[in-house]
Amino acid sequence: MILEASSIRFIFNKTFLNNLTALGLCFALASCGNVNNDGNPKDTRSYMAAKGEAQGTFYVVKYKADQNLQPGIDSILEIIDLSMSGYMDASIVSRVNRNSSTVQIDNHFANVFNASKEVYSLSGGAFDITVAPLVTYWGFGPTQRDSTDTNSIKSISKHVGMDKIRLDQNRIVKDDTLVTLDFNAIAQGYTVDVIAEYLDRQLIEHYLINVGGEIKAKGINDRGSIWVVGVESPLEEVQIGRYEVAVDLKDKSLATSGSYRKYKVVDGLKYSHTIDPRTGRPVEHNLLSVSVVTDNCMMADAYATTFMVLGLNASKVLLDSLEGVDAYFIFEEEEGEWGNYETYNFRKEIVHSDTFLLE
Ligand code: ADP
Ligand code: MG
C-alpha cells in the first residue's frame with residue numbers, strides 16, 4: 001500500500017523556498033485574457049482527480065487536462081473486470097475456470113497471461129497464477145478454513161502449475177481441467193498500465209495513477225515537482241501519514257506486496273495471503289513487505305509478489321539478473337524490530353532526499 005506524499009508537510013528547506021519563489025514569479029507574470037504575453041494561447045489545463053472503487057479496492061487518478069477523463073477511466077476498469085475478475089461469474093477468467101467451451105479470451109487476458117508465464121519461468125514457479133485452488137484452500141477465496149492437512153495440500157497441488165496450461169490463439173488449453181487461474185497478484189498493476197496508455201493517447205503529460213496501492217507516475221505534480229509517494233509502514237492498522245520511505249517517481253511504476261494486513265488465522269496461527277506454489281503453503285519467512293520500482297506497473301506488481309514468495313536471499317539473486325528493476329524490502333528482525341534491504345539504485349536514484357515532517 002502506498003501513501004501519496006501530498007499528505008506530508010515539507011519542512012522549510014531550499015526546494016520549498018525555490019518553489020515559493022517560482023510561485024511568486026508565476027503570479028507576477030500572470031496577465032489577463034486568454035493569451036500569454038508571447039501571444040500564444042494560455043494553458044487552460046488544470047489538475048483533476050478521478051476516483052472510486054474497483055477490483056475490491058480504491059483508485060485515484062490525478063491528471064492535468066482540460067477535460068474530465070473519469071468516464072474513460074471507468075470504462076477501462078469495467079472492461080478489465082469483465083476479463084480478469086475472479087469475483088464476477090460472467091468474467092472471462094471465471095468462465096475459463098469453469099471450463100466453458102465457448103469462452104474466447106481478449107487482449108487484456110492474453111497480455112497478463114503471457115507476462116505471468118514469463119515471471120513463472122524466471123522465478124522457478126514462485127510466481128504462479130494457477131495457485132488459485134491453494135488460495136481457496138487456505139481461506140482467501142469465498143470459503144473459510146478452520147484446519148489444514150498435508151494430504152489435501154498435496155492433492156490440490158497436483159492441479160497447480162503454469163506448465164499445465166497454455167494459450168492457443170484466443171483460447172486457453174488445459175492439460176488438466178482442474179487447473180484454475182487467479183490474476184490478483186498482477187491485474188491491478190496491469191490496470192494501472194492500461195489507464196496510463198489511455199492518458200498517453202489523450203496527450204496527458206502529467207499524471208499519477210493509483211489502483212489499490214499500485215502506482216504509475218508521469219511528469220510533475222500540481223506543485224511543479226516530481227511526484228513523491230510513501231511506502232506504507234507494515235502495520236496491521238492503516239495509519240494515515242505513517243510511511244517508511246518516500247520515493248521519487250520519475251516516469252516510473254511502484255508496486256508493493258505485503259503480509260502485514262492480508263492474512264488468515266487457522267488453528268490459532270497467522271497465514272499470509274501469499275502462497276508458495278512450490279510447497280502449497282503460505283509463505284512463512286520474515287518479510288513484511290516488498291516494494292518494486294520499474295517502468296511497467298504490471299511487472300512491478302508481479303515481481304513484488306514473486307519476491308514475497310522467494311524471501312530476501314533468493315530475491316537478491318533474481319534481482320541481479322533483472323535489468324531496470326529496483327526493490328525495497330522490509331523484514332522483521334529477531335527482537336520484532338524492522339530491518340530494510342534496498343537495491344543500490346533504489347537508495348541512489350529513487351529515495352526522496354528532502355526532509356519530510358509528518359502532519
Ligand atoms: P498485495 O499487493 O495485496 O499484497 P499481491 O499483488 O501480492 O497482493 O497479490 C496477492 C494475491 O495473489 C493473493 O491474494 C492471491 O490471490 C494471489 N497469489 C498468492 N500467492 C501467489 C503466487 N505465488 N503467485 C501468484 N499469485 C499469488
Ligand atoms: Mg502483486
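This is a short talk on one protein chain with a bound magnesium ion, as seen in a predicted model.

Okay, hi everyone. Let's begin with how confident the predictor is. The protein chain averages a pLDDT of 85, and 84% of the residues score at least 70. There is a weak stretch, though: over residues 5–33 the pLDDT stays under 50. For that stretch the model has 34 contacts beyond four places in sequence. Where pLDDT is low, the predicted coordinates shouldn't be read in detail, so I'll leave residues 5–33 there.

Now, the sheet. Eight strands, so 8 in the count, form an open sheet, and the order is S3-S4-S7-S8-S11-S16-S17-S18, with antiparallel pairing. Which strands stand at the edges? They're S3 (46–54) and S18 (338–342); each has a single partner strand, so one side of each is left without a neighbour in the sheet. Going from one strand to the next, the twist averages 10°.

If you want to look at a pair in there, try S7 (residues 207–211) and S8 (residues 214–218). They run antiparallel, joined by 5 bridges. Find Leu208, and you'll see Ala217 of S8 standing opposite.

What packs on this sheet? One helix is H7, which touches S4, S7, S8 and S11 (253–258). The direction of H7 makes about 150° with that of S7. Then there's helix H2 (residues 70–84), lying across S3 and S4 (57–65) and running at about 145° to S4.

Let's stay with H7 for a moment. H7 has 15 residues and reaches 21 Å from its first C-alpha to its last, close to the 21 Å expected at 1.5 Å a residue. Is H7 mostly covered or mostly open? Mostly covered: 12 of its 15 residues are buried. Among those buried residues are Tyr190, Val192, Ile195 and Leu199. Just after H7 comes Leu203, with a positive phi of about 60°.

That's worth a pause, because most residues other than glycine have a negative phi. Two more go the other way. Gln55, in the loop between S3 and S4, has a phi near 50°. Gln169, in the loop between S5 (165–168) and S6, has a positive phi of about 55°. Are they buried or exposed? Gln55 is partly exposed, with a relative accessible area of 21%, while Gln169 is exposed, at 74%.

Here's another pair of strands to find. S9 (residues 227–232) and S10 run antiparallel, with 6 bridges joining them. In that pairing, Val231 has Val245 of S10 as its bridge partner. And S10 (residues 243–249) has 6 of its 7 residues buried, so it is largely enclosed by the rest of the structure.

Last stop, the magnesium ion, which is ligand 2. Which protein atoms are its donors? They are the O of Ala185, the O and the OD of Asp301, and the OG1 of Thr305, lying 2.1 to 2.5 Å from the ion. So Asp301 shows up with both O and OD, as I just listed. In sequence, the donor residues are spaced A-x115-D-x3-T. Ala185 and Asp301 link distant parts of the chain, 116 residues apart. Ala185 is in the loop between S6 (171–174) and H7 (187–201), and Asp301 is in helix H8 (residues 297–321). Asp301 counts as buried, because its relative accessibility is 2%.

That's my tour, thanks!

Methods. Residues are numbered from 1 along each chain as its sequence is written. Chains are lettered from A and ligands numbered from 1 in the order in which they are written. This is a predicted model: local features need pLDDT of at least 70, side-chain atom pairs count only at pLDDT 80 or more; totals for chains, interfaces and linings use all residues. Side-chain values use heavy atoms; hydrogens and water are left out. Donors are N, O and S atoms within 2.8 Å of the metal (3.2 Å for Na, K and Ca); water is not among the atoms, so sites may look incomplete. Helices (H or I, at least four residues) and strands (E, at least two) are DSSP runs, numbered from the N terminus. Buried means under 20% relative accessible area, exposed over 50%, partly exposed in between (1.4 Å probe, protein chains only). pLDDT is the predictor's confidence in each residue, from 0 to 100. Contact means heavy atoms within 4.5 Å. Two strands pair if DSSP finds at least two bridges between them. The expected span of a helix is 1.5 Å times one less than its number of residues. Axes are lines fitted to C-alpha atoms, for helices over the stretch in contact, and angles run from 0 to 180 degrees between N-to-C directions.
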